[in-house]
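Here are my notes on the model you passed along. Have it open while you read, since the points jump around the chain.

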Amino acid sequence: MNPLSNITLRTSVGLLLAILATLVGGTWLTVKVTTDHLLYRNATETARNWAQYLASNVTDLEQIAAGEKPSSASMQFFRATARSENVYRYVIFNRYGYSILVSDRGAVTAVEVSDHSAMAAQSLKNIETIVDARAGTSAGEPKYFAEAFVPVMLGGRPIAVVAAYVDQVDARDDFFSSSLLAAVSLCGLTTIAFGLPAIAWYRRTREKEQADRRIHFLAHHDTLTGLANRARVIERLEAALAVRSSTGGQVALHFIDIDHFKQVNDTLGHDGGDFLLRAIGERLRAIVRVEDMVARLGGDEFVVIQTNVADKAQAEAFAHRIIEVLSTGSFFREQEIRSTFTIGVALAPGDGNTAERLLKSADLALYAGKAAGRNCIRFFEPEMDAMLQRRIALEKLMREAVAHDGFVLHYQPVFEMDKKILVGFEALVRLPAPDGTLMPPDVFIPLAEEMRLIDKIGAWVLHEACRVAKTWPGQLTVAVNLSPAQFESGMIEAEVADALRESGLAPRRLELEITERILLDNTEAVIGTLGRLKQMGVSIVMDDFGTGYSSLSYLWKFPFDKIKIDRSFMESFERSGRDVETVVRTIIALGREMKMRVTVEGVETASQVDFLYDAQADQVQGFYFGRPVPAKAVSADLLARFLNSADAPEAQDAPGTPAGSNA
């Protein structure tokens with residue numbers, strides 16, 4: 001026999017004996033620890049129940065603990081309970097840990113010379129039960145018992161301590177026997193398992209091999225879809241780029257993103273989202289060639305590596321094929337899922353000659369597609385790098401503005417048409433740029449919504465507008481635009497109430513403007529919120545009226561105080577002529593019938609003013625009457641002049657394109 005085999009055998013036998021010894025010792029220790037724990041719980045529960053029983057029947061326990069003689073009823077109770085089944089002895093201590101009364105196997109005596117118990121004092125001090133379990137050593141003591149000190153509370157304060165001596169001989173035998181039986185059974189089963197070392201060794205070897213294969217698979221594949229993961233994509237791209245350098249042709253990387261995937265998870269749950277991801281993976285696998293690769297990078301992002309591409313047209317045709325296949329609906333639990341997709345495409349070697357660079361280029365193209373409104377295909381262009389840097393700079397600027405109140409508000413006047421007087425202002429948010437210019441909302445608001453900062457910006461605008469409006473004459477109102485995020489957070493009612501309370505502005509002077517977009521999701525909940533806001537006394541305004549899909553349907557669902565006709569109507573006034581006039585007159589008449597005031601935005605010319613005066617519009621707003629100005633420009637003199645003017649003011653600036661004048 002090979003000496004090495006003998007050494008291995010002796011080592012294995014020794015290891016087996018060591019394991020068995022450890023198992024036996026551990027089993028014995030487990031039995032002891034388990035038995036002691038069960039005995040502790042048993043003693044604690046028994047003592048607490050006994051103390052509660054005693055406290056509820058001895059009405060003068062507090063007086064007894066204070067040193068007074070027990071009443072006859074209490075003594076009768078003590079004698080009747082002197083011989084309990086489990087509690088063979090108990091001692092009552094006062095609040096300082098001195099013994100007052102002892103009941104020991106039928107004999108109840110008041111203590112003349114008190115003994116002090118440190119454990120009783122500690123139990124009172126910490127308001128906790130203290131248990132001391134031990135074997136009996138003197139005559140009359142059980143073979144095993146527990147001494148439990150239980151504080152007795154009255155009205156939330158300790159009045160005494162009851163030390164119950166619990167006979168645990170039977171309980172100890174029961175617990176020990178049960179634990180030992182379970183442990184011996186476990187040892188027997190374990191011993192049998194070790195008695196088949198060959199089979200166990202074989203199984204372990206097989207399981208290890210399977211685990212190694214599984215680990216290797218997981219290191220290169222996505223667990224949900226079974227597609228390749230990012231690590232595998234890098235490997236495959238590097239290989240494809242190496243082959244391309246010798247054979248020619250191009251490599252196209254298609255970066256695919258599911259538009260608004262979060263809505264699928266929100267409506268159908270994560271099971272529905274996982275179903276959609278798996279379905280997309282299967283469809284992509286079905287349309288690629290053997291030499292191509294499909295991968296999932298994580299979340300809702302997939303990539304397809306397309307090799308041997310002749311030109312950009314071939315890559316674009318395949319991208320359209322992807323959109324066509326993926327856009328077909330899927331059914332999950334009898335509910336159809338239809339999604340749109342955005343694809344960013346990069347071509348090697350023009351857009352990158354390394355795997356990481358090509359991935360970055362495709363990612364930038366994908367971002368450009370999202371910024372363009374999603375549901376499209378975008379190829380990488382060199383200027384996209386600069387766009388990314390501008391986005392990063394804008395994100396940093398906005399975070400700093402949110403953290404340090406770096407936004408500013410400008411106020412555009414609103415005039416009453418028939419009286420030709422100033423009635424209020426609309427608050428419009430601006431973001432100061434590093435060069436000192438002001439960014440209009442359409443530049444940073446979409447990014448703020450994507451970064452989930454819009455609710456914080458909206459809250460600041462609300463508080464600041466109310467604060468400034470409080471300094472104006474009492475006839476003037478201030479209008480503030482609300483965002484969907486402020487309704488999603490569920491905090492809009494509290495924010496409005498806080499802004500009014502902190503500023504002292506009368507609710508009637510605050511107008512809250514919403515767009516149809518806020519009402520599209522969870523309409524009933526939003527209408528309920530609007531109703532509660534209106535009960536506060538503020539006015540609710542439907543902004544950008546006439547541009548949505550179902551603006552009219554919301555007018556009978558909620559009693560708006562005002563309708564604001566979107567500025568696009570006045571922008572088309574000169575070109576469309578009577579068509580615009582007819583629509584605007586109809587909206588004004590509709591508002592009058594429904595008891596809703598109508599404000600027309602974007603008024604820039606005298607001819608528009610004449611038309612709106614003839615159409616009997618209630619209010620007007622636009623460059624003809626004044627551009628948005630900072631709060632300090634809305635001075636007391638300016639307000640007085642506007643309020644006292646008998647005629648409509650002349651244009652504050654020459655008519656022009658009001659870019660960014662409205663938020």
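The points below run from the overall fold to the empty spaces, the salt bridges and two single residues.

1. **What we are looking at.** This is a predicted model, so to speak plainly about confidence: local features need pLDDT of at least 70 and side-chain atom pairs count only at pLDDT 80 or more, while totals for chains, interfaces and linings use all residues. Residues are numbered from 1 along each chain as its sequence is written, and side-chain values use heavy atoms, with hydrogens and water left out.

2. **The chain overall.** There are 23 helices and 23 strands, taken as DSSP runs numbered from the N terminus (helices are H or I with at least four residues, strands E with at least two). The chain has 663 residues, and 44% of them count as buried; buried is under 20% relative accessible area, exposed is over 50% and partly exposed is in between, with a 1.4 Å probe and protein chains only. About 34,600 Å² is exposed, 54% of it supplied by carbon and sulfur atoms (Shrake-Rupley areas, 1.4 Å probe, with only the protein chains shown as cover for residues). Among contacts with a separation of 6 or more, 64% come from residues 24 or more positions apart, a contact being heavy atoms within 4.5 Å.

3. **The largest pocket.** Its volume is about 1,800 Å³. For the record, the search uses a 1 Å grid over the protein atoms alone: a pocket is an open set of points with protein on both sides within 12 Å along at least five of seven lines, a cavity is a set where a 1.4 Å probe fits but cannot get out, and lining residues have an atom within 4 Å of a point. Points are joined across faces, edges and corners, and the volume is the space filled by probe spheres set on them. Which residues are the closest to the centre of the largest pocket? They are His260, Arg374, Glu449, Glu450 and Arg517, out of 38 that line it.

4. **Who builds that pocket.** Helix H12 (441-450) is among the helices that each supply at least two lining residues, together with others including H8 (261-287), H13 (454-469) and H17 (523-535). H12 gives the most, with six residues. By class the lining has 17 nonpolar, seven polar and 14 charged residues (Ala, Val, Leu, Ile, Met, Phe, Trp, Tyr, Cys and Pro are nonpolar; Asp, Glu, Lys and Arg are charged; the others, Gly among them, are polar).

5. **The cavity.** The whole structure yields one cavity of 30 Å³ or more, and the largest cavity has a volume of about 50 Å³. H8 gives the most to its lining, with four residues. Leu276, Ile280, Arg338 and Phe341 are among the lining residues, which by class are six nonpolar, three polar and two charged.

6. **Salt bridges.** I would step through these in the viewer. The structure holds 24, each a side-chain nitrogen of Lys or Arg within 4 Å of a carboxyl oxygen of Asp or Glu. Arginine 157 pairs with glutamate 62, with the closest N and O atoms 2.9 Å apart. That bridge ties strand S6 (residues 157-167) to helix H2 (residues 61-65), across 95 residues. Arginine 157 is partly exposed at 37%, and glutamate 62 is partly exposed at 28%.

7. **A buried pair.** Buried or exposed: what is arginine 296? Arginine 296 is buried, at 11% relative accessibility, and its salt-bridge partner, aspartate 222, is buried at 11% too. The closest N and O atoms are 3.0 Å apart. Arginine 296 sits in strand S8 (residues 293-298), and aspartate 222 in the loop between helices H6 (197-220) and H7 (230-247), 74 residues apart.

8. **One more bridge.** Arginine 230 and glutamate 356 meet at 3.8 Å, N to O. This pair links H7 with H10 over 126 residues. Arginine 230 is partly exposed at 38%, as is glutamate 356 at 47%.

9. **Two single residues.** Threonine 523 is in helix H17 and is buried at 17% relative accessibility. Its C-alpha atom lies 9.3 Å from that of tyrosine 554, 31 residues apart along the chain. Serine 483, in the loop between strand S17 (477-481) and H14, is buried at 10%. Leaving out residues up to four places away in sequence, serine 483 touches Ile454 and Ile518.
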